[in-house]
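Please work through the exercises below with the sequence and the structure at hand, and try each task before reading its solution.

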Amino acid sequence: MMLAAVPGLLTRLPSYGKRKVKAANILASAPSDRNLGAFQDLGCRTTHCNSEVLQRCTLVFLATKPHLLPGVLQEIAPAVTRDHIIVSVAAGVTLQTLQQLLPAGTKVLRVMPNLPCVVQEGAVVVARGSCAGEQEAALLRSLLSACGLCEETPESYLDIHTGLSGSGVAYVYLFAEALADGAVKMGMPSALANKIAAQTLLGAAKMILETGEHPAKLRSNVCTPGGTTIHALHELEKGALRATVMNAVEAATMRARELGER
């Protein structure tokens with residue numbers, strides 16, 4: 001599937017709340033209607049012709065499975081011009097590969113989002129190819145800021161981002177589940193425990209972002225000598241929580257790198 005914004009949006013970026021682009025200015029392409037229904041419901045224009053996207057738009061998002069992307073690139077390459085900005089959301093397909101399969105001089109960028117983008121609280125990283133400049137990167141950052149935090153990084157950080165944030169969302173869900181289960185064990189109703197666990201994670205994350213304090217400092221602020229928190233943290237340290245989470249980030253990062261080498 002490919003998504004694109006019409007050319008006019010490259011020179012003026014109106015903001016509709018956190019919505020940066022009107023639905024009518026988005027053209028989505030997919031082989032079947034099954035994948036286009038959600039876009040049609042939002043008021044986006046749709047097509048089954050990838051070349052139509054290139055003809056009518058200059059900013060093009062490639063959102064396909066990684067193993068399908070080379071075929072899509074070969075299909076659209078004849079229609080790609082120096083005016084196009086090509087953005088890949090496919091995991092593991094490097095900027096070098098993208099540039100090799102597209103005409104010389106094509107402005108190419110990679111984006112790695114995570115699941116909370118669907119509630120506009122995501123963490124997105126952007127890496128640019130050799131022909132993409134600050135103007136293209138700034139445009140993409142402006143658009144994707146509607147999804148949450150958006151940072152430009154070297155391409156080598158994208159796999160680390162997968163281990164930290166892409167997969168990291170699942171680690172947080174597991175921790176939230178365990179946190180709530182502990183409260184259920186002690187007698188709290190499950191629905192209430194889940195709600196409080198989620199709010200606890202939300203509040204803690206917001207404090208990190210808004211205070212700028214290191215998590216270790218904030219953690220220390222919660223602990224009082226001989227209190228409940230330091231006793232609980234001792235149990236977490238005995239269970240090697242810190243090392244286990246670090247190992248999880250490393251394992252997911254290494255797996256992302258393996259997939260990218262295929």
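**Exercise 1: a loop residue and its exposure**

Gln120 counts as partly exposed, because its relative accessibility is 30%. The model is a predicted one.

Task: Find where Gln120 is located, and determine the sign of its phi.

Solution. Begin with the location: Gln120 sits in the loop that joins β6 (107-112) to β7 (122-128). Then turn to the backbone: phi of Gln120 is positive, at about 60 degrees, although the residue is not a glycine. As background, most residues other than glycine have a negative phi.

**Exercise 2: a second positive phi**

Task: Locate Ala240, and decide whether Ala240 is buried, partly exposed or exposed.

Solution. First, Ala240 belongs to the loop between α10 (228-238) and α11 (241-260). Next, phi of Ala240 is near 60 degrees, which is a positive value in a residue other than glycine. Finally, the relative accessible area of Ala240 is 32%, and since partly exposed covers the range between 20% and 50%, Ala240 is partly exposed.

**Exercise 3: the crossing of α7 and α8**

Task: Describe how helix α7 (residues 168-185) and helix α8 (residues 190-211) cross, and state the classes of the residues in their contact.

Solution. The axes of α7 and α8 come within 8 Å and cross at roughly 135 degrees. An angle between 115 and 145 degrees counts as oblique, so α7 is oblique to α8. The crossing of α7 and α8 is right-handed. On the α7 side the contact includes Val172, Phe175 and Leu179, while on the α8 side Ser190, Asn194 and Leu201 are among the residues involved. Sorted by class, this contact of α7 with α8 has ten nonpolar and two polar residues, and no charged residues.

**Exercise 4: the crossing of α6 and α11**

Task: Carry out the corresponding analysis for helix α6 (residues 157-166) and α11.

Solution. The axes of α6 and α11 come within 8 Å, with a crossing angle of roughly 140 degrees, and α6 and α11 are therefore oblique to each other. The handedness of the α6 and α11 crossing is right-handed. Asp159, Ile160, Thr162, Gly163 and Leu164 in α6 meet Val249, Ala252, Thr253, Ala256 and Arg257 in α11. By class, the contact of α6 with α11 has five nonpolar, three polar and two charged residues.

**Exercise 5: Leu42**

Task: Is Leu42 buried or exposed, and what distance separates its C-alpha atom from that of Lys22?

Solution. Leu42 lies in the loop between α1 (37-41) and β3 (45-47). With a relative accessible area of 61%, Leu42 is exposed. The C-alpha atoms of Leu42 and Lys22 are separated by 9.7 Å, the two residues being 20 residues apart along the chain.

Definitions and conventions
Residues are numbered from 1 along each chain as its sequence is written. This is a predicted model: local features need pLDDT of at least 70, side-chain atom pairs count only at pLDDT 80 or more; totals for chains, interfaces and linings use all residues. Side-chain values use heavy atoms; hydrogens and water are left out. Axes are lines fitted to C-alpha atoms, for helices over the stretch in contact, and angles run from 0 to 180 degrees between N-to-C directions. Helices (H or I, at least four residues) and strands (E, at least two) are DSSP runs, numbered from the N terminus. Angles under 35 degrees count as roughly parallel, over 145 as roughly antiparallel, 65 to 115 as roughly perpendicular and the rest as oblique. A crossing is left-handed if the near helix is turned anticlockwise from the far one by less than a right angle, and right-handed if clockwise. Contact means heavy atoms within 4.5 Å. Ala, Val, Leu, Ile, Met, Phe, Trp, Tyr, Cys and Pro count as nonpolar, Asp, Glu, Lys and Arg as charged, and the others, Gly among them, as polar. Buried means under 20% relative accessible area, exposed over 50%, partly exposed in between (1.4 Å probe, protein chains only).
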